[in-house]
Amino acid sequence: MKIGVIGGGAWGTALAQVAARGGEPVLLWAREADVVTSINTRRENSVFLSGVTLPDTIRATGVLGDLSGCDALLVVAPAQHVRSVLGEIDSGATPLVLCAKGIEAGTQLLVGQVAGQVHPQAPIAVLSGPTFAHEVAAGQPTAVTLACEDDALGTALAERLAGPAFRTYASNDVIGAEIGGAVKNVLAIACGVVEGAGLGQNARAALIARGFAEMTRFGLARGARAETLAGLSGLGDLVLTCSSTSSRNFSLGVGLGQGRSASEMLADRRTVAEGAFTAPVLCQAASAVGVAMPVVDAVCALLAGADVREVVGALLARPLTREA
Ligand SMILES: NC(=O)C1=CN([C@@H]2O[C@H](COP(=O)(O)OP(=O)(O)OC[C@H]3O[C@@H](n4cnc5c(N)ncnc54)[C@H](OP(=O)(O)O)[C@@H]3O)[C@@H](O)[C@H]2O)C=CC1
Ligand SMILES: O=C(CO)COP(=O)(O)O
């Protein structure tokens with residue numbers, strides 16, 4: 001199975017390396033010429049994953065049409081760009097494996113649903129889980145959910161991508177696998193705020209637990225299965241991203257907690273902090289299905305410039321309720 005990768009960021013590059021481990025050729029599309037040149041001439045993505053030597057079997061291209069001979073495409077462009085990038089490729093019925101984590105602004109669709117709209121004939125799969133790109137690239141043990149409604153295709157993809165240190169667990173809950181990854185990015189911002197504002201480890205643990213309750217309520221309302229949300233792509237990724245400054249979302253939250261503005265921090269970055277884009281659309285999507293997500297609402301307020309102490313005070317002052 002020849003794998004193509006759409007997206008030359010840290011995760012697209014690390015996944016290309018995963019797919020190339022058995023010695024098979026992998027073609028990676030990157031939007032920017034400096035990424036293509038860096039991979040093809042220096043065997044390194046010095047822009048987004050510096051210090052990792054890539055095998056000769058990975059070739060980069062700036063032409064999306066070059067991916068048309070691939071048997072499956074890993075879609076690793078940031079969530080808000082998935083529609084436009086997929087709209088430029090004529091991949092017919094080639095399976096699409098969505099690896100971005102987010103909800104599209106405007107439509108409130110998960111990226112797998114966006115891909116299904118753009119390429120209705122393509123089988124859709126989702127790869128998600130606790131996966132910092134630099135650890136995967138270093139060959140450190142990692143486990144992911146590979147979800148696909150077609151069990152045979154899901155198993156084939158899971159087997160194709162699995163490696164000695166990259167364990168894939170098959171599932172057919174595509175929506176559940178996507179919701180965990182999208183929601184945890186927003187909750188990681190909240191945990192970063194706790195760190196940046198020095199609010200303590202009790203508060204962070206409480207946010208992880210209450211955030212997971214929000215993820216579960218929202219996920220169930222959107223058709224996810226509870227066991228998927230409690231698995232690698234949900235709780236697993238929530239715990240990872242809420243506890244490490246390696247997370248771009250967590251570090252954005254740290255800055256917010258220290259009183260910096262979101263727009264100032266996002267303007268300084270070439271890398272993506274998906275939670276900043278998912279948060280406002282998640283607030284709307286939650287309200288559309290009648291689900292309360294107070295932690296997510298608080299993150300939206302903070303991203304819009306609200307004062308940290310006031311937002312935390314308001315969260316704590318809500319009427320006492322039963323734990324559910
Ligand atoms: N990094 C990680 O550890 C993980 C990331 N993910 C997810 O993978 C997705 C990609 O993240 P990641 O690889 O880290 O990204 P990076 O932050 O490393 O890089 C940014 C990426 O965004 C691309 N990009 C920026 N603007 C556009 C645009 N207008 N159209 C298309 N592409 C654009 C860049 O393309 P170009 O190369 O051309 O500059 C580059 O590939 C995100 O949804 C993220 O949540 C999931 C798991 C782990
Ligand atoms: O999704 C990730 C780990 O699973 C990466 O998290 P960040 O995007 O917050 O760095």
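In this predicted model, long-range contacts dominate the count: of the contacts in the chain between residues at least 6 apart in sequence, 67% join residues at least 24 apart. Buried residues account for 52% of the 324 residues.

The secondary structure consists of 15 helices and eight strands. The chain has a radius of gyration of 19 Å, close to the 20 Å expected from the globule rule for 324 residues, so it is as compact as a globular protein of that length. The C-alpha trace spans about 55 × 40 × 35 Å along its principal axes.

Strand β6 covers residues 124-128. Five of its five residues are buried, so the strand is largely enclosed by the rest of the structure. The burial extends to both faces. Ile124, Val126 and Ser128 lie on one side of β6, Ala125 and Leu127 on the other, and all are buried.

Two pairings of β6 were examined. Strand β5 (residues 96-98) pairs with β6 in the parallel sense, over three bridges. Here Val97 stands opposite Ala125 of β6. The chain passes from β5 to β6 through helix α4 (residues 111-118). This β-α-β crossover is right-handed.

The pairing of β6 with strand β7 (residues 142-148) is antiparallel and runs over four bridges. In this pairing Ser128 stands opposite Thr145 of β7. Strand β6 thus pairs in the parallel sense with β5 and in the antiparallel sense with β7.

Key: Residues numbered from 1 in each chain as written. Chains lettered and ligands numbered in written order. Predicted model: local features only at pLDDT ≥ 70, side-chain atom pairs only at ≥ 80, totals over all residues. Rg over C-alpha atoms; globule rule 2.2 N^0.38 Å. Buried ≥ 20, exposed ≤ 12 C-beta atoms within 10 Å, placed from the backbone. Contact = placed C-beta atoms within 7 Å. Pairing = 2+ DSSP bridges. Right-handed = clockwise from strand over helix to strand, strands pointing away.
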